[in-house]
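Visitor: I have a structure to go through and some questions about its inner space and its RNA. Shall we look at it together?

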Amino acid sequence: MPRVRFAPSPTGYLHIGSARTSIFNWLYARKNNGTMILRLDDTDVERNTQASVDSIFDGLHWLGLGWDEYYRQSERLALHKEMANRILAQGRAYRDFTPAQTGEEERSESGEPWLFHPEMRELSSAESDRRAAAGEPFVLRFRVPRGENRAVKFKDSVFGDQYKKADEIEDFALLRSNGMPTYHMASCADDVDLRIDHIIRGQDHLTNTFKHVLIFEALCETKPKFAHLPLLIAPDGAKLSKRKHGPVVSVTTYRDAGFLPEAYINFLCLLGWSPKNNREQMSIPELIEAFSFSGVNRSNAVVNFSDEDPIDPKAQWLNGQHLRSMAIDGLLPAVRATLEAAGLRAEEANFAFVVDTIRARYTSLHDFATKGLPYFSDEFPMEPAAAERLDEPRARELLRTLGDRLAAATEFTEASVETALRELAAEAGVKPGVLINGSRAALTGQAVGPSAFHVFTAIGRERSIARLKKV
RNA sequence: GGCGCUAUCGUCUAGUGGUUAGGACGGGGCCCUCUCAAGGCCCAGGCAGGAGUUCAAUUCUCCUUAGCGCUACCA
């Protein structure tokens, strides 16, 4: 039973990269009958916001990514400290009483990387204890084992064998001088305590992992496996950021653009992962079935948006694919919600038929309320192109006649309407196309749309007749 | 600056020591057709650069370049 976690920091809204990390964790858990854990890494009290927490929950709910266990790091600080002190007791950490650096760091500019404060690393435990007891503030640092051939290594499920000389790893902080755990400490302590066995996260943590391996080795026998995901970047090659790229990085952008959660998930999965069989459109169950780390790419993927269009064209296409091919019953609630949000109401009697009739040409849920307006409301605009259809010679006159004939007939089916229309066209000596296209224009105000006879049945007998007579 | 990761059409990607380098989106065209979509077919478009290994490199090695990440008492 694998245990995985999605551990966002609530310092901004749920963004596209986090969403994808969450999806991959979720897919892995579902595929392997594992446990999905949601853990809020909220140790940075200054930057945490409730709005961000809400955004994360909203996003995950929308995507339908459930979790089996839920934790907040801020409620587990005692555990983090306890584990940090355990490392200190082992002698694998030491107190560094050097005052916190202020202003610009000089170390990183000097060429040689900073590793540790020698006098602090060598401080005797008696002296260290004495100063700590006296109340002198300190940061607790990991005593990275040094020496000629010391190295830290781990195998990444995506990036393969990773190796780093211990002498290139600085004595990183475990506990800050205010007693709060650092990210590294809190994260590893929780991963140990929650028995996480596969850490799936962004590639930005790949080099941090050496530090984490050190902590895990101090804290437990078997360290977890790691899988780092390539990052999502902007078309300009820069990493996605709210400041630079605006709201496109938020999952709400796609939700608000009328995306189906499954389509968005499908899209995100294709960024940095491939089933390797040319499959593109996939349902959630198919994604679960196909998911594997061997399909994960190692290079960053560009989310293809622009100033004019915040939505990746391929995502839009995928949304259309899902819209037109998913089970109609699964689509109906989403369409209903979209219509209600637009102040429209669906005729329940033939709702499924209407949606099924028009969905093939839509790529967003919003299209049902905009392009689909004539199907759900009697008030809709007459587009210029449609008006031209009505301006064809004799079109209006014959359409009104058609309305009369349909009103007189008892039957109203696709076939009966077609028969009536073609008979009328033949009698009048006009091409059927005039009445066919004219009907569509009269019934929907649009020059384009589904087959005219489908439109008749979708709009319904009474409304169709009324719209023809009004022409 | 140091360390690391990465590099195939505009974008997402498949792929191999010998392939016409495959698919998808987007773009262009054709077919279908009552319109528009959908669908089918076709076209343009790519192995970052340089060495080396090899009979043969897009593929293996090295270098360069570029991008990204890490280099905090942020996460």
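Visitor: How do the residues of the lining of the largest cavity divide into nonpolar, polar and charged?
Guide: The model is predicted. The lining consists of Ala346, Glu347, Asn350, Phe351, Val354, Tyr375, Phe376, Ala458 and Arg463. Glu347 and Arg463 count as charged because Glu and Arg belong to that class. The division is six nonpolar, one polar and two charged.

Visitor: Which helices each supply at least two residues of that lining?
Guide: The cavity has about 30 Å³ of space. Phe351 and Val354 are among its lining residues, as are Tyr375 and Phe376. The helices asked for are H14 (351–358) and H16 (373–376).

Visitor: Which part of RNA strand B does a polar side-chain atom of Arg440 lie 2.7 Å from?
Guide: Sugar and linking oxygens do meet the protein, one of them 3.3 Å from a polar backbone atom of Asp41. Thr98 instead has a backbone N or O atom 3.0 Å from a base nitrogen. For the Arg440 side chain, the partner at 2.7 Å is a base oxygen.

Visitor: Which element gives the most to the surface near RNA strand B?
Guide: Elements giving two or more residues include strand S7 (160–165), helix H6 (183–193), helix H12 (313–325) and helix H20 (432–444). With five residues, the one that gives the most is H12.

Visitor: How many of the residues of the surface near RNA strand B are charged?
Guide: There are 64 residues around the strand, and Ser9, Arg176, Gly272, Ile436 and Ser451 come nearest. Nonpolar residues number 20 and polar ones 25. The charged residues number 19.

Terms used: Residues numbered from 1 in each chain as written. Chains lettered and ligands numbered in written order. Predicted model: local features only at pLDDT ≥ 70, side-chain atom pairs only at ≥ 80, totals over all residues. Heavy atoms only, no water. 1 Å grid on protein atoms, 1.4 Å probe; cavity = no way out; pocket = protein on both sides within 12 Å on 5 of 7 lines; lining within 4 Å. Points joined across faces, edges and corners; volume = space filled by probe spheres on them. Helix = DSSP H or I, 4+ residues; strand = E, 2+ residues; numbered from the N terminus. Near = heavy atom within 4 Å. Polar contact = N/O pair within 3.5 Å; in protein donor to acceptor, adjacent residues only side chain to side chain.
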